[in-house]
Each structure stands twice: as C-alpha cells, then as structure tokens.
Amino acid sequence: MILANLNLTLDSFSKIPLSRQLTDRLRREIIEGNIATGSILPSIRDLAVKLNISRSTVMRCYEELAGQGYIVVTPGSGTTVCRRLPGDLERMTAPPALAPD
C-alpha cells in the first residue's frame, strides 16, 4: 500500500476538520513527490481503517483532491494520483519568461 511508509497523523483535537487535515497532507505529499504520479491510493475504507476515521471523512478528502485535479477516483477500479498535476498544467500554459536585456 502506497501510504505504508508515510506518517499520516491527524489531530482530532484541532479546530481544523479531519477531512481538511487529510486533504492538505495528501496534497502536500503529492506535490513534494512523496506520493508519485500514477500511484494507486488505498480505498476509502482501507484508509479510514488505517487512520481510525470515518469513511465519509476520507470520501470528502478524495472528492476535494479529485476536484482540484490531483487524483482520479474510478468506482470499482480505485483511486490514482493524476499523471499531470495542476501545477504542471500551469507551467505548460504560462508564457515564457523574457530574458533581461
């Protein structure tokens, strides 16, 4: 499982909702390359059990990351990290920087 080597801990006493904590943490791990593009993420159920949180919390996280373009959720096939991340798209469409004169 891809998250076996990651230390995903959530603070149940924080004012920040668990789904937001999980979303922020997974997004950061993806952006930093700790979770590679194309990686298969655990099922909602498996991740909820691993983190001892509700499935609806993980579902909200996955829905948010999918909406932002970081993951693709395919019912019956699993959840994978997108091969092209949102930042990649920005770099591809940004005009080239002009060289100083």
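Is Arg20 buried, exposed or partly exposed? Arg20 is partly exposed, with a relative accessible area of 32%. This residue is a good place to start a tour of the model, which is a predicted one. From Arg20 we can move on to the salt bridges, then to two loop residues, and finally to the nonpolar core.

**Salt bridges: Arg20, Asp24 and Arg27**

- In total, the structure contains three salt bridges.
- One of them joins the side chains of Arg20 and Asp24, with an N to O distance of 3.5 Å.
- Why can these two residues pair up? Arg20 and Asp24 sit four residues apart in helix H1, which spans residues 18–31, so about one helical turn separates them.
- Asp24 is partly exposed too, at 29% relative accessibility.
- Asp24 also meets the side chain of Arg27 in a salt bridge, here at 3.1 Å from N to O.
- Arg27 and Asp24 are three residues apart in helix H1, so once again the separation is about one helical turn.
- Arg27 is buried, because its relative accessible area of 16% falls under the 20% cut-off.

**Salt bridges: Arg25 and Glu29**

- Which residue does Arg25 form a salt bridge with? The partner is Glu29, and the closest N and O atoms of the pair are 2.9 Å apart.
- Arg25 and Glu29 lie four residues apart in helix H1, which puts about one helical turn between them.
- Arg25 counts as buried at 17% relative accessibility, and Glu29 is buried as well, with a relative accessible area of 6%.
- Looking back at the other residues, Arg20, Asp24 and Arg27 are joined into one network by salt bridges that share partners.

**A loop residue: Ser39**

- Where is Ser39 found? Its place is the loop between H1 and strand S1, the strand made of residues 40–41.
- Although Ser39 belongs to a loop, this residue counts as buried, at 12% relative accessibility.
- The Ser39 side chain reaches the backbone oxygen of Ala36 at a distance of 2.7 Å.

**Another loop residue: Ile53**

- Ile53 lies in the loop that runs between helix H2 (44–51) and helix H3 (55–68).
- With a relative accessible area of 15%, Ile53 is buried.
- Setting aside neighbours within four places in sequence, Ile53 is in contact with Leu10, Leu18, Leu22, Ala48 and Val58.
- Take Leu10 from that list: Ile53 and Leu10 are 43 residues apart along the chain, while their C-alpha atoms are separated by 9.4 Å.

**The largest nonpolar core**

- How many residues make up the largest nonpolar core? There are 20 of them, and Leu22, Leu26 and Tyr62 touch the most other members.
- The elements giving two or more residues to this core are H1, H2 and H3.
- H3 provides the largest share of the core, with four residues.
- Leu22 deserves a second look: leaving out neighbours within four places in sequence, Leu22 is in contact with Leu8, Leu10, Leu47, Leu51, Ile53, Val58 and Cys61.
- Ile53 appears in that list, so you can follow the link from either side when you explore the model: the contacts of Ile53 include Leu22.

How values were computed: Residues are numbered from 1 along each chain as its sequence is written. This is a predicted model: local features need pLDDT of at least 70, side-chain atom pairs count only at pLDDT 80 or more; totals for chains, interfaces and linings use all residues. Side-chain values use heavy atoms; hydrogens and water are left out. A salt bridge is a side-chain nitrogen of Lys or Arg within 4 Å of a carboxyl oxygen of Asp or Glu. Buried means under 20% relative accessible area, exposed over 50%, partly exposed in between (1.4 Å probe, protein chains only). A polar contact is a pair of N or O atoms within 3.5 Å; within protein, one must be able to donate a hydrogen and the other to accept it, and residues adjacent in sequence count only if both atoms are side-chain atoms. Contact means heavy atoms within 4.5 Å. A nonpolar core is a set of buried Ala, Val, Leu, Ile, Met, Phe, Trp, Tyr and Cys residues joined through side-chain atoms within 4.5 Å.
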